[in-house]
Amino acid sequence: MKEAVVTFVLLWAGVWPLIHRGLVARYDLNPWKHSGWAMYSTPKPPIVVAVLKRVEKGHAVLDERTLPSAARDALDRFRTRRHAIGKFAEPRDAAQAILETSSDVGSLVVMVQTFHLDPTTARMTSVMDRYVYSRRDFR
Amino acid sequence: MSRRERRAEARSRAKAGVAIPERGVFDKFLGLAGDFDTDVASGKVSALRQFLLLHGAVRSWLWLALAVEHDAGLSPFLLAVAAAVISAGFGLSLAPRLAYLGPRLALAGLALQLALTFPLTDNHFFVELLAVLLVTLVGRHPKCDETLVLRGLMWMTALILFHTGLQKVLYGHYVHGDFLAFMVGRGGRFADLFAFAIPADEIARLQSYNPILTDAGPYRVSEPVVTILSNAIYVLEMGLAVLLMWGRTRAVAACTSILLVSVIQLGAREVVFAMLFVNLLLPFLPGPWNRRLLPFFAVAYLWALGAAWGLFPGSELITPTML
């Protein structure tokens with residue numbers, strides 16, 4: 001039993017970081033967290049989250065400052081979780097909070113932009129993820 | 001021989017002060033960390049156990065101070081409970097007959113802290129958690145499990161050190177010094193640290209980029225000192241980790257690792273973590289250095305607590321990362 005615990009700890013310290021590296025690449029997990037021992041290996045800039053509401057001829061950016069505090073809090077919580085666990089965090093709860101508290105919004109799009117430092121060019125690159133929600137999704 | 005019979009034999013050998021012979025691939029693998037007679041292993045593990053729980057207790061009270069000061073969204077009450085539990089574990093570790101219970105109690109406090117902070121928990125916490133998990137394996141009967149635990153701790157430390165270097169290679173930002181250039185661009189302590197190596201106009205250029213704009217950069221400088229330093233960091237981390245596992249080079253590698261970790265963590269202003277990792281490296285040295293230096297670290301932790309609560313200067317050096 002004790003040997004099993006030692007084995008578990010050594011696997012956690014020695015093998016999990018390699019799996020973690022793969023999860024960072026695939027799901028944008030935070031390289032500075034989750035005991036991947038990759039702090040100071042790569043930058044992890046803040047993510048940018050924008051919410052767009054559907055209007056007559058397309059979409060318009062929703063000013064977060066006009067949202068009720070419950071919706072703003074839900075969006076902040078999503079930002080924090082997204083920065084930590086990457087694509088394992090989706091903005092469903094934040095979208096629901098916005099739709100529930102904003103009667104003029106029928107559907108919305110949550111855009112999530114994450115930034116990485118390209119090791120070849122030494123310039124920032126970005127990836128955009130898009131999530132579409134309507135009131136139907138929460139009935 | 002069954003496992004029960006092996007453990008009974010191990011206990012009788014331990015009572016007689018005889019080193020336990022290794023069996024199997026697992027034992028041989030662990031044995032690369034070094035040969036220890038049971039008294040030596042027991043002394044090192046006992047001292048490290050006290051240190052780990054002292055570190056955990058101080059770190060926990062520092063977390064409480066941070067959470068209150070920065071309104072981190074964590075329950076101060078629950079953080080205080082965790083700090084009290086871990087502190088009680090440290091208290092137990094000072095009583096010879098009850099010392100083995102200390103880490104078990106502390107583990108409950110650590111589990112609470114993990115639950116409160118996950119998935120934002122800082123990596124430094126996981127180093128502490130894994131080390132405490134290992135020392136928890138020391139049972140009531142003295143000199144039975146200490147060799148296993150000590151070797152586990154030493155392997156864990158070497159693996160973490162190795163990976164901090166390997167991850168730098170895998171992410172690819174250290175070959176040309178890009179990560180260091182990026183951090184200089186963020187300003188603050190990194191810019192201060194590298195002001196000697198990078199001209200002021202280059203620092204200004206790096207700081208003019210907005211890292212949340214596509215195509216910002218290039219975060220690259222041509223100064224050879226930066227490139228050499230950047231590559232030296234991961235070469236040292238990986239190389240020292242390997243040398244720690246070889247008897248002939250273990251002591252020198254341990255001293256060099258302690259120096260490297262101290263310099264890097266002081267530069268990063270993470271003195272609390274520096275003390276933790278240095279203590280995990282001390283068992284690689286011949287002699288009871290964990291025991292010898294424990295009073296020094298105890299004073300250092302008292303200073304850290306005082307600085308966090310504004311009683312002493314130097315609070316900017318001891319902010320423990322929490323999330």
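Of the 139 residues in chain A, 49% are buried, where buried means under 20% relative accessible area, exposed over 50%, and partly exposed in between (1.4 Å probe, protein chains only). Before we go on, please keep in mind that this is a predicted model, in which local features need pLDDT of at least 70 and side-chain atom pairs count only at pLDDT 80 or more, while totals for chains, interfaces and linings use all residues. Residues are numbered from 1 along each chain as its sequence is written, chains are lettered from A and ligands numbered from 1 in the order in which they are written, and side-chain values use heavy atoms, with hydrogens and water left out.

**Chain A**

Chain A has four helices and four strands, and read from the N terminus they follow the order α-α-β-β-α-α-β-β. Helices (H or I, at least four residues) and strands (E, at least two) are DSSP runs, numbered from the N terminus. The radius of gyration of chain A is 19 Å, well over the 14 Å that the globule rule gives for 139 residues, so chain A is more spread out than a compact globule. That radius is taken over C-alpha atoms, and the globule rule is 2.2 Å times the number of residues to the power 0.38.

One residue to look at here is A:Ile19, which sits in helix H2 (residues 16-27) of chain A. With 46% relative accessibility, A:Ile19 counts as partly exposed. Its C-alpha atom is separated by 26 Å from that of A:Arg77, 58 residues apart along the chain.

**Chain B**

Chain B has 14 helices and zero strands. Its radius of gyration is 22 Å, close to the 20 Å that the globule rule gives for 323 residues, so chain B is as compact as a globular protein of that length. Buried residues account for 53% of the 323 residues in chain B.

Within this chain, B:Gln265 belongs to helix H12 (residues 250-267). B:Gln265 counts as buried, at 10% relative accessibility. Leaving aside residues up to four places away in sequence, B:Gln265 touches B:Glu270, B:Val271, B:Phe273 and B:Ala274; contact means heavy atoms within 4.5 Å.

**The chains side by side**

In the table, the box is taken along the principal axes of the C-alpha atoms, and the contact share is the part, among contacts between residues at least 6 apart in sequence, that joins residues at least 24 apart.

| Chain | C-alpha box | Contact share | Exposed area |
|---|---|---|---|
| Chain A | roughly 60 × 45 × 25 Å | 51% | about 7000 Å² |
| Chain B | about 70 × 45 × 35 Å | 66% | about 14000 Å² |

Accessible areas come from the Shrake-Rupley method with a 1.4 Å probe; for residues, only the protein chains shown count as cover. Carbon and sulfur atoms supply 55% of the exposed area of chain A and 67% of that of chain B.

As for charge, chain A carries 21 positive and 14 negative side chains, with the centres of the two sets 2 Å apart. Chain B carries 27 positive and 22 negative side chains, and there the centres lie 13 Å apart. Lys and Arg count as positive and Asp and Glu as negative, with His and the chain ends not counted; each charge is placed at NZ of Lys, CZ of Arg, CG of Asp or CD of Glu.

**Where the chains meet**

Here 48 residues of chain A are in contact with 55 residues of chain B. Together the two chains bury about 4500 Å², 68% of it on carbon and sulfur atoms. In chain A, the residues that lose the most area to chain B are A:Lys2, A:Trp37 and A:Tyr40, together 18% of what that side buries. Buried area is the accessible area (1.4 Å probe) that two parts lose on being put together, summed over both.
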